[in-house]
Amino acid sequence: MSSQTRPHTAESLLVNSPDFVVRFDLDGNRLYVNPTLAEVYGVPPEELLGRGVGKTNEVVDPESVALMRAMIVEVVRDLTSRDFEITYRTPGGARVAQYRLVPELDEHGRVIEVLGLGRDVTELARVQRELVERETRFRDVFDNALDSMFLLEVSPDGQHFRNLEINPALARMSGIPREAMVGKYIEEVVPPEVAEAVNSKYRHCVNAGVPIEEDAELDLPAGRRWYHSTLIPARDETGRVYRIVGITRDITERHNAQLALAASEERFRLAFDDSLLGMALLSVDGEDGRFRYLRVNKAMCEFLGLTADQILGRPHADVLAPEDADDTVATLNGLLSDAYTNYHTERRFVHANGETVWGLLGATLVRNPEGAPLHVLAQVEDITTRKRVEEQLAFRALHDDLTGLPNRALLMEHLGSALARSQRNGTHLAVFFLDLDDFKSLNDSFGHAAGDAFLIKVAARIGSTLRASDIAARIGGDEFVVVCENLTELSGATVLAEKIQRALAVEIDLDGHRVTASASIGVALSHEHSTPENLLHDADAAMYVAKHSGGQRWQPADASLHAAAIRVLSVEAELRRAIEQQELRVHYQPLVDLHTGAIVGVEALVRWQHPQRGLLLPREFLDVAEQRGLIGEIGQWVLRTACNQAGTWRRQFGDRAPAMSVNVSSRQLGNQGLHRQVDAALAASALPVEKLILELTESQLLKIRASATTDLRTLSERGVKIAIDDFGTGHAGYEYLRRLPVDEIKIDKSFTQTLNIDRTGSAITAGIVALGLGLGLTVVAKGIETTEQLHLLRDMGCTWGQGWLWHRALPADEIHALIAQSARDANARRSPTT
Ligand code: C2E
Ligand code: MG
């Protein structure tokens with residue numbers, strides 16, 4: 001047929017073509033099939049001829065058969081070619097063939113046959129399908145990725161980069177729409193400085209030729225943020241990097257967190273290293289064990305006097321004082337067992353120089369974010385100075401500054417516990433109350449510095465006599481107390497009292513002067529009802545007895561002394577209040593000229609107008625004032641009041657005004673004290689000096705010392721008169737009459753009272769009167785109650801008298817009337833003779 005008309009070469013092509021070749025007549029019956037196609041059917045080509053597709057032992061899918069037939073119809077009808085695919089079966093499985101049907105026309109343009117060219121495209125189709133699938137999968141990832149992705153085209157010179165594709169995440173992240181990016185060079189999309197920053201990274205990737213990772217902060221429309229990018233270069237067949245795939249992630253939050261962490265670490269480092277407080281990190285667990293130094297700062301090193309190298313790795317307890325070590329470790333363990341979260345406590349540490357230093361230790365447990373203990377942060381404030389001051393203050397609060405001996409407070413505390421001990425043990429406790437004899441005059445003569453040196457030496461002497469269990473305290477200027485435990489009887493106390501006296505009697509060198517000390521000692525022995533207070537009072541009271549018996553002796557206390565001591569204390573308290581409330585008064589008792597009966601003087605006598613007990617006489621309170629040091633203040637007040645009163649009378653009665661006698665205690669004398677007071681009182685009252693008489697009792701005169709004598713002399717030289725009161729009772733020779741400037745003696749009323757009773761009394765009294773007169777003194781008889789006494793004394797030659805025969809001591813206004821009367825009487829007496 002027409003195939004036979006084809007040139008030989010064409011025939012060979014058809015036979016050997018790998019493609020399928022088939023010719024159909026206009027009804028779709030095969031006119032020719034080449035061997036390649038026949039092979040698919042597995043029959044000789046002739047068996048296929050003259051039949052339509054689907055009319056043989058068909059291998060083509062029924063759907064593909066229908067398609068093929070329809071296509072033939074269309075080609076014949078439309079005179080155009082058609083491309084399509086069919087599927088067919090082989091023993092190896094289904095396969096796909098691509099067909100093109102072409103109309104064959106005659107010279108008139110009429111269709112005469114349909115030529116079919118087919119090719120097995122099974123492999124190609126599979127590859128294409130895979131490509132599509134892969135593309136789809138990649139698209140899915142690309143479009144839905146949370147990370148930004150982009151594909152860049154690299155310019156041949158490797159300098160410029162064009163976006164081939166970007167994913168939605170990049171558009172979102174950058175704030176630049178996809179359309180604005182795709183197909184554009186970077187510099188067309190972002191401002192120059194950003195473009196330069198970005199391009200330089202891409203260039204770096206091109207030059208490196210391997211994937212790189214980069215962090216950068218970029219100012220994009222979405223804001224200034226930090227980005228982390230991975231750039232992957234792709235090479236073409238020549239090895240040139242022609243594409244870059246990029247993946248970018250916004251790491252601003254992480255970056256900021258890192259910055260914050262770094263900043264906080266830096267802050268911690270600064271706070272730790274530069275702190276003025278000692279700082280340390282201690283391990284909480286580890287091979288070495290707990291609480292070893294992991295890190296220390298400079299202040300900590302200085303606090304301990306060690307270098308960091310000398311501290312690190314050592315256990316915390318190593319640098320603590322042994323007595324605080326166990327406690328501290330226990331407290332640190334408490335931190336770990338959650339007993340508390342931090343604590344502050346004062347601890348002793350050992351400095352490199354061996355000294356104990358004090359630190360205020362604060363410890364906190366530091367945990368990691370999961371809550372597991374990391375380490376202990378310890379802070380140590382150096383409080384050594386404060387502690388030393390506190391210790392000193394505590395010591396000083398309880399000790400005497402001068403001698404370092406316990407003071408009254410510590411003594412009482414000690415006495416309390418010693419007493420409890422002795423009551424438990426059935427033993428006795430002895431309290432020795434020592435008052436140095438003549439300390440005041442020693443102080444006056446040598447000065448205070450020497451007085452202090454003396455007291456220090458005395459304290460040492462007392463201390464040298466004691467056993468370890470005894471203590472000595474200094475509770476006043478020259479008052480010491482010794483407490484001695486475990487005595488069984490008073491004789492033990494006797495031994496100690498004498499031992500102390502002997503120790504004091506050894507000469508002490510004071511600025512080249514050799515002096516000895518002596519003390520009046522009161523000793524109280526505890527009994528079952530003793531309290532620290534009454535023991536001390538008893539000893540004190542006994543000491544007074546010793547002192548008043550001349551000093552340099554010791555005196556045991558007894559119950560009556562205790563009562564006396566109680567009275568002294570209560571009167572003292574009341575008297576102090578009375579002085580404040582101005583309850584004291586001065587009454588005046590006239591002194592009468594025994595020959596004329598005229599009032600020549602008055603004696604000022606102090607009274608206490610007690611709110612409950614009425615008017616109290618001196619014997620009820622003056623001894624207490626003497627003992628408790630109030631006499632100076634009272635005496636000064638009486639002196640002032642009396643002088644004022646005398647001054648007033650002087651202005652009222654002129655020469656007929658009485659002289660004013662004021663009683664003075666020896667305690668007011670010395671150190672020029674009294675004569676200054678007298679000067680002031682005289683100046684204030686305008687009383688002529690010769691109208692003032694100061695009375696001192698004989699027994700007090702015996703006690704006064706050198707400086708008191710000077711005081712008296714000065715007063716006498718001024719013109720003040722000095723009277724010896726209670727004359728004849730002091731059991732002293734009259735030697736002092738030579739030494740002292742005496743103007744007057746007042747004979748004690750005990751003499752007056754014996755006058756009419758026994759002859760001896762009268763003789764002695766007469767002798768005393770004669771003695772006084774012989775010395776040219778005014779002789780005053782006290783306590784005259786009867787006219788008989790008056791006559792006897794007047795006959796003996798007594799100058800003046802004082803007594804209830806005339807008047808008792810009376811308030812000033814009543815005395816005023818008496819003086820006025822006396823002045824009138826005197827005038828009357830004088831008138832007849834003149
Ligand atoms: P004194 O200096 O011997 O004073 C005389 C005392 O004898 C007064 O006692 C007085 O009231 C009392 N008296 C006077 N006439 C008679 C009498 O006829 N019979 C009797 N039985 N007694 C008479 P008073 O006021 O109780 O004073 C007692 C002592 O107190 C005084 O004795 C004196 O030593 C002292 N005194 C009084 N006032 C002061 C003062 O201001 N300073 C000082 N340091 N001592 C004073
Ligand atoms: Mg008197």
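These exercises, each with a worked solution, concern a predicted model of one protein chain.

**Exercise 1. Overall form**

Task: Find how many helices and strands the protein chain has, then decide whether it is more spread out than a compact globule or not.

Solution:
- Start with the secondary structure. The chain holds 29 helices and 31 strands.
- Next, take the radius of gyration. For 834 residues the globule rule gives 28 Å, but the chain has 66 Å, well over that value, so it is more spread out than a compact globule.
- Now look at the spans. Along its principal axes, the C-alpha trace covers about 215 × 65 × 50 Å.
- Turn to burial. Of the 834 residues, 45% count as buried.
- Finish with contacts. Take those between residues at least 6 apart in sequence: 55% of them join residues at least 24 apart.

**Exercise 2. Surface and charge**

Task: State what area the protein chain exposes, and how many positive and negative side chains it has.

Solution:
- The exposed area is about 42300 Å². Carbon and sulfur atoms supply 53% of that area.
- The chain has 89 positive side chains and 117 negative ones.
- Locate the centres of the two sets. They lie 6 Å apart.

**Exercise 3. Aromatic pairs**

Task: Count the aromatic pairs. Then classify the pair Phe 268 and Phe 272 and the pair Phe 303 and Phe 349.

Solution:
- The count comes to eleven aromatic pairs.
- Take Phe 268 and Phe 272. Their ring centres are 5.6 Å apart and the planes meet at 40°, and the pair is tilted.
- Place both residues. They lie in helix α9 (residues 252–274), four residues apart, about one turn of the helix.
- Check their burial. Phe 268 has a relative accessible area of 34%, so it is partly exposed. Phe 272 is at 1%, so it counts as buried.
- Go on to Phe 303 and Phe 349. The centres are 5.2 Å apart and the planes stand at 75°, so this pair is edge-to-face. The cut-off needed here is over 60 degrees.
- Place these two residues. Phe 303 is in helix α10 (residues 298–304) and Phe 349 is in strand β13 (residues 342–350). They are 46 residues apart, and the pair links distant parts of the chain.
- Both Phe 303 and Phe 349 are buried.
- One more group remains. Phe 20, Phe 84, Tyr 88 and Tyr 99 are linked into a cluster by ring pairs.

**Exercise 4. Two buried residues**

Task: Decide where Val 60 and His 414 lie, and which residues Val 60 and His 414 contact.

Solution:
- Val 60 sits in the loop between α2 (35–41) and α3 (62–78).
- Its relative accessible area is 11%, under the 20% cut-off, so Val 60 is buried.
- Leave aside neighbours within four places in sequence. Val 60 then contacts Tyr 41, Val 65, Ile 86, Thr 87 and Tyr 88.
- Compare sequence and space. Val 60 and Arg 89 are 29 residues apart along the chain, and their C-alpha atoms are separated by 6.3 Å.
- His 414 belongs to helix α14 (residues 408–425).
- At a relative accessible area of 16%, His 414 is buried.
- Leave aside neighbours within four places again. His 414 is in contact with Arg 421, Ile 471, Val 483 and Glu 485.

**Exercise 5. Positive phi**

Task: Describe the phi value and the setting of Leu 79 and of Gln 552.

Solution:
- Recall the general pattern. Most residues other than glycine have a negative phi.
- Leu 79 has a positive phi near 60°. This residue is in the loop between α3 and β3 (82–90). At 39% relative accessibility, Leu 79 counts as partly exposed.
- Gln 552 has a positive phi of about 50°, and it is not a glycine. Its loop runs between α18 (532–548) and β22 (554–556). At 55% relative accessibility, Gln 552 counts as exposed.

**Exercise 6. Helix α15**

Task: List the buried residues of helix α15 and the elements they pack against.

Solution:
- Helix α15 covers residues 439–446, and its buried residues are Phe 439, Ser 441, Leu 442 and Asn 443.
- These buried residues pack against β16 (428–436), α16 (448–464), β19 (508–510) and β20 (513–515).
- Step just past the helix. There Gly 447 takes a positive phi of about 95°.

Definitions and conventions. Residues numbered from 1 in each chain as written. Chains lettered and ligands numbered in written order. Predicted model: local features only at pLDDT ≥ 70, side-chain atom pairs only at ≥ 80, totals over all residues. Heavy atoms only, no water. Buried < 20%, exposed > 50% of the residue type's maximum accessible area, 1.4 Å probe, protein only. Helix = DSSP H or I, 4+ residues; strand = E, 2+ residues; numbered from the N terminus. Contact = heavy atoms within 4.5 Å. Rg over C-alpha atoms; globule rule 2.2 N^0.38 Å. Areas by Shrake-Rupley, 256 points an atom, 1.4 Å probe, with all protein chains shown as cover. Lys, Arg positive; Asp, Glu negative; His and termini not counted. Charge placed at Lys NZ, Arg CZ, Asp CG, Glu CD. Phe/Tyr/Trp six-rings, centres within 6.5 Å; stacked < 30°, edge-to-face > 60°.
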